[in-house]
Each structure stands twice: as C-alpha cells, then as structure tokens.
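Here are a few exercises to get you looking around. Try each task yourself before you read its solution.

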Amino acid sequence: MPKDRLLFAKEGRARYISHLDLMRTFQRAFVRADIPIKHTEGFNPHPFISIALPLSLGFSSRCEVLEFGLLEGTDHAGVPDLLNAALPEGVRVLECYPGERPMRELQWIDYQLQVDYAGDVQGLQQAWSKLLSRESWVVEKPSKKAKS
C-alpha cells in the first residue's frame with residue numbers, strides 16, 4: 001500500500017479543477033517528471049494515488065494531502081521540484097514526506113474565512129465573536145436523494 005505523502009496547494013484558477021481531473025493531473029505529472037511510483041499489478045496497471053478529504057469544486061486550499069507510493073531508492077527531497085515543473089498553474093507541491101499514520105485518521109479540517117460586510121461593523125464583531133466562541137459547529141448538508 002502507498003506510504004508516501006505530498007502536501008500540496010490548489011489555488012487560483014486551479015480551484016475549478018474537479019477531483020477526478022486533479023487525480024489524472026497528478027498521475028500525468030508523475031510520468032512527465034519521471035518519478036517512479038507504485039502501480040497495481042493487474043492487466044491494466046494504474047498508479048496508487050489517493051487524495052484525502054477532496055475539496056469541492058471552486059474551493060482553494062494550501063493544505064491538501066495526496067498519498068502515493070514511491071519506489072525504493074527515490075529521494076523525497078527532490079520530488080516537489082520535479083512535480084512543480086510538470087504541474088499546471090495553481091497546483092503547487094509544498095512537501096513530500098513518508099506517511100506515518102493511516103489516512104483514515106485524517107478527520108479534521110481547518111478553514112480560513114474571509115467576510116465581506118458593508119453594514120454595522122460592531123454588530124458583525126459581536127456576531128463573529130459569538131460564532132467563534134462555540135465549542136463546535138455542526139453543518140448539515142441537505143441530501144439531493146433524501147425524500148424529505
């Protein structure tokens with residue numbers, strides 16, 4: 001199983017790249033950068049690549065994690081520079097490191113929000129302070145398949 005990870009950023013125009021297209025982009029970038037990675041051993045081999053907590057379309061992030069498997073003898077230090085040369089504008093590899101914990105343990109996410117507000121600043125500050133003082137935020141996403 002894959003044991004190496006990339007920390008990468010998806011910003012600017014790249015935030016409109018869908019999850020599946022981003023997976024294909026990384027698969028092609030590994031080939032273009034001539035970085036040997038692990039593949040399946042079936043009739044039609046494909047690379048072991050997985051992105052933890054994929055972003056929704058239109059969102060940007062500076063802390064995305066991709067899991068893959070480097071073949072033995074490949075140095076982690078040179079991978080970011082090689083991949084950055086092969087990736088499109090807006091997708092940058094920040095770090096390559098060995099994964100120490102299983103991906104399923106990644107369950108938390110931090111957001112940075114920007115609020116554009118043209119009303120009463122004091123009212124906004126009070127509402128924002130009240131929101132941030134909560135111990136947790138529960139967000140319910142309505143299902144398109146639900147009957148209710």
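**Exercise 1. Find which residues form the nonpolar patch on the surface, and place Val115 in the chain.**

Solution. Keep in mind that you're working with a predicted model.

Step 1: Pick out Leu113, Val115, Tyr117, Trp128, Leu132, Trp137 and Val139, which make up a nonpolar patch on the surface. Together they offer about 730 Å² of accessible area.

Step 2: Zoom in on Val115, which sits in the loop between β4 (91-98) and α3 (121-132).

Step 3: Check how open Val115 is. Its relative accessibility is 41%, so Val115 counts as partly exposed, because that label covers what falls between under 20% (buried) and over 50% (exposed).

**Exercise 2. Work out the order of helices and strands, then decide whether the chain is more spread out than a compact globule or not.**

Solution.

Step 1: Count the elements: there are three helices and four strands.

Step 2: Walk along from the N terminus and you'll read β-α-β-β-α-β-α.

Step 3: Compare radii. The globule rule gives 15 Å for 148 residues, but the radius of gyration of this chain is 19 Å, well over that value, so the chain is more spread out than a compact globule.

Step 4: Look at the outline too. Along the principal axes, the C-alpha atoms fill a box of roughly 60 × 40 × 30 Å.

Step 5: Add the surface figures. The chain has an accessible surface of about 11600 Å², and 51% of that belongs to carbon and sulfur atoms. As for burial, 28% of the 148 residues count as buried.

Step 6: See how the contacts are spread. Take the contacts between residues at least 6 apart in sequence: 72% of them join residues at least 24 apart.

**Exercise 3. Describe the surroundings of Ser61: is Ser61 buried or exposed, and which residues is Ser61 in contact with?**

Solution.

Step 1: Find Ser61 in strand β3 (residues 61-68).

Step 2: Judge its cover. Ser61 has 15% relative accessibility, so it counts as buried.

Step 3: List its partners. Beyond the neighbours within four places in sequence, Ser61 touches Ala9, Lys10, Glu11 and Leu55.

Step 4: Spot a polar atom of the Ser61 side chain 3.1 Å from the backbone nitrogen of Cys63.

**Exercise 4. Trace the salt bridges of Arg5 and Glu11, and say which residues end up in one network.**

Solution.

Step 1: Start with the total: the whole structure holds four salt bridges.

Step 2: Take Arg5 and Glu67, whose closest N and O atoms are 3.2 Å apart in a salt bridge. Arg5 lies in strand β1 (residues 4-10) and Glu67 in strand β3, so this pair ties together parts that are 62 residues apart in sequence. Arg5 is buried at 7% relative accessible area, and Glu67 counts as buried too, at 13%.

Step 3: Move on to Glu11 and Arg62, whose side chains meet in a salt bridge at 2.7 Å, N to O. Glu11 is in the loop between β1 and α1 (19-32) and Arg62 is in strand β3, which puts the two 51 residues apart. Arg62 is exposed, with 56% relative accessible area.

Step 4: Now bring in Arg92, which forms a salt bridge with Glu11, with 3.0 Å between the closest N and O atoms. Arg92 belongs to strand β4, and 81 residues separate this pair. Arg92 counts as partly exposed at 39% relative accessibility.

Step 5: Put it together: through shared partners, the salt bridges join Glu11, Arg62 and Arg92 into one network.

Terms used: Residues numbered from 1 in each chain as written. Predicted model: local features only at pLDDT ≥ 70, side-chain atom pairs only at ≥ 80, totals over all residues. Heavy atoms only, no water. Patch = residues over 30% accessible without salt bridge, like charges linked within 9 Å, V, L, I, M, F, W, Y side chains within 5 Å. Areas by Shrake-Rupley, 256 points an atom, 1.4 Å probe, with all protein chains shown as cover. Buried < 20%, exposed > 50% of the residue type's maximum accessible area, 1.4 Å probe, protein only. Rg over C-alpha atoms; globule rule 2.2 N^0.38 Å. Contact = heavy atoms within 4.5 Å. Polar contact = N/O pair within 3.5 Å; in protein donor to acceptor, adjacent residues only side chain to side chain.
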